[in-house]
Amino acid sequence: MSGAHQPGPGQLGADPRADVAIVGLGAMGALSAWRLASRGARVIGFERFRPGHDRGSSHGDTRIFRTAYFESPEYVPLLQRAHQLWRQLEQETGAELLTMTGGLAIGPADGELVSGVLRSARENQLPHRLFDPSEMNRLHPQHRLEPGDVAVRDEEAGFLRPERAVAAAAARAEALGARLMTDTEVTAIKAADGGVIIETSRGRFAAGRALVAAGAWTSKLLPQLGLPLEVERQVMAWLSVDDPDSFSPQRFPVFIRELAGGRFRYGFPTTDGRSIKLAVHHEGTGADPDSIDREVEDADLLPLREFAREKLRGVTGEVVDARVCMYTNTPDERFLATSPIGLPGVTVLSACSGHGFKFASVLGELMADWILDARALPAIIRTA
Ligand SMILES: Cc1cc2nc3c(=O)[nH]c(=O)nc-3n(C[C@H](O)[C@H](O)[C@H](O)COP(=O)(O)OP(=O)(O)OC[C@H]3O[C@@H](n4cnc5c(N)ncnc54)[C@H](O)[C@@H]3O)c2cc1C
């Protein structure tokens with residue numbers, strides 16, 4: 001990836017104008033770069049850090065992939081396509097990105113999680129199994145169920161490796177001809193000459209269109225758009241386990257658990273042979289991506305230690321690692337892809353609300369189809 005010998009401030013790059021400039025090469029930007037370059041578009045991409053970095057929303061070793069989507073059955077066709085594209089990226093790069101473990105949704109039978117998973121699975125004929133507490137005790141004794149709890153196993157679930165996936169997509173986009181500039185901050189995006197001008201810390205660049213995939217920084221970069229985005233601080237922690245074998249990907253599926261009051265916790269099998277990653281979904285504080293508190297405090301770990309003690313067996317209170325990450329939330333947690341009237345030639349993609357990573361491959365494809373062919377987006381994606 002290029003980081004030096006770029007045109008100085010005020011100059012335009014000497015290369016022929018790119019078809020699409022991508023601002024931000026995190027999950028959404030890197031996967032879009034791959035799909036756009038695969039379609040033959042001339043792509044230039046800008047990233048203030050380096051693909052796979054730990055300052056945004058796409059770090060922390062693992063991300064859940066699931067198909068029986070409790071949020072809405074409308075996501076299921078997108079997830080099935082996302083799965084194919086993750087496998088395609090693996091084939092094109094040789095990187096191992098997606099491990100299927102099955103996924104457990106645990107909670108009250110009439111809760112949002114279990115009823116939503118069952119609805120998605122039944123409407124889309126997805127392979128799944130419903131377990132009562134005694135079956136769970138036999139099959140997955142690592143979980144302590146409460147009276148009234150059940151579990152649904154989504155067979156088409158597992159986990160992605162986010163840093164590796166972003167780096168693989170960026171590398172593949174470059175191999176297909178994309179020009180990706182790292183350590184390059186975009187400072188402004190302007191409409192000009194029937195296209196766009198991207199002003200960066202390494203000079204000005206022209207392109208036909210721009211795709212802004214700046215994650216938690218989107219509203220800071222384009223404050224004039226007044227986008228409905230809120231950044232939320234989130235903590236992930238790795239807690240050591242007594243018997244790592246019983247938490248291996250073969251024996252311990254990824255899981256989400258709904259607690260009283262509609263609160264959610266989730267976790268992963270071990271990837272380091274000694275600990276499992278646990279996290280709280282939402283319940284974080286508002287944050288500015290440039291000044292977010294990246295130190296993990298005891299108070300951050302309290303709900304995870306409590307969860308491990310009360311709802312799991314064989315997980316100790318010893319935290320071996322913990323990291324801060326950011327959600328960028330829309331009000332209804334749907335993803336946002338918009339081409340604002342006030343900024344011609346620019347498309348903004350903000351797909352997080354804490355569940356976007358698994359979709360990055362298919363969203364990259366949808367962005368390519370939208371930008372290159374003006375193909376309409378599925379209704380589940382917000383366009384305003
Ligand atoms: C703790 C946590 C757990 C999650 N768990 C899951 C999960 O299990 N499953 C799931 O599907 N999803 C999950 N998500 C959501 C998922 O990770 C996000 O939806 C996804 O990572 C968002 O990708 P992004 O490209 O929008 O943001 P990012 O990956 O952060 O990319 C934005 C990029 O833009 C760059 N950038 C910003 N401004 C500029 C600028 N001015 N110039 C140049 N570059 C710029 C940034 O450096 C960054 O690299 C989780 C998120 C978090 C935080």
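What covers the buried residues of H7? Before we get there, keep in mind that this is a predicted model: local features need pLDDT of at least 70, side-chain atom pairs count only at pLDDT 80 or more, and totals for chains, interfaces and linings use all residues. Residues are numbered from 1 along each chain as its sequence is written.

Helix H7 runs over residues 298-311, so look there; helices are DSSP runs of H or I with at least four residues, strands are runs of E with at least two, and both are numbered from the N terminus. H7 has 14 residues and spans 20 Å from first C-alpha to last, close to the 20 Å expected at 1.5 Å a residue (that is, 1.5 Å times one less than its number of residues). Its buried residues are Asp-300, Leu-304, Phe-307, Ala-308 and Lys-311, where buried means 20 or more other C-beta atoms within 10 Å of a residue's own, with C-beta atoms placed from the backbone. An α-helix has 3.6 residues a turn, so residues three or four places apart point the same way. The cover over the buried residues of H7 includes strands S13, S14, S15, S16 and S17.

Now hop over to helix H1, home of Trp-34. Trp-34 counts as buried because it has 31 C-beta neighbours inside 10 Å. Skipping neighbours within four places in sequence, Trp-34 is in contact (C-beta atoms, placed from the backbone, within 7 Å) with Leu-89, Ala-169, Arg-172, Ala-173 and Gly-364.

Finally, the ligand: domain 1 and domain 2 both give residues to its shell, so the ligand lies between them; the domain bounds come from an automatic or database domain assignment.

Notes. Buried ≥ 20, exposed ≤ 12 C-beta atoms within 10 Å, placed from the backbone. Contact = placed C-beta atoms within 7 Å.
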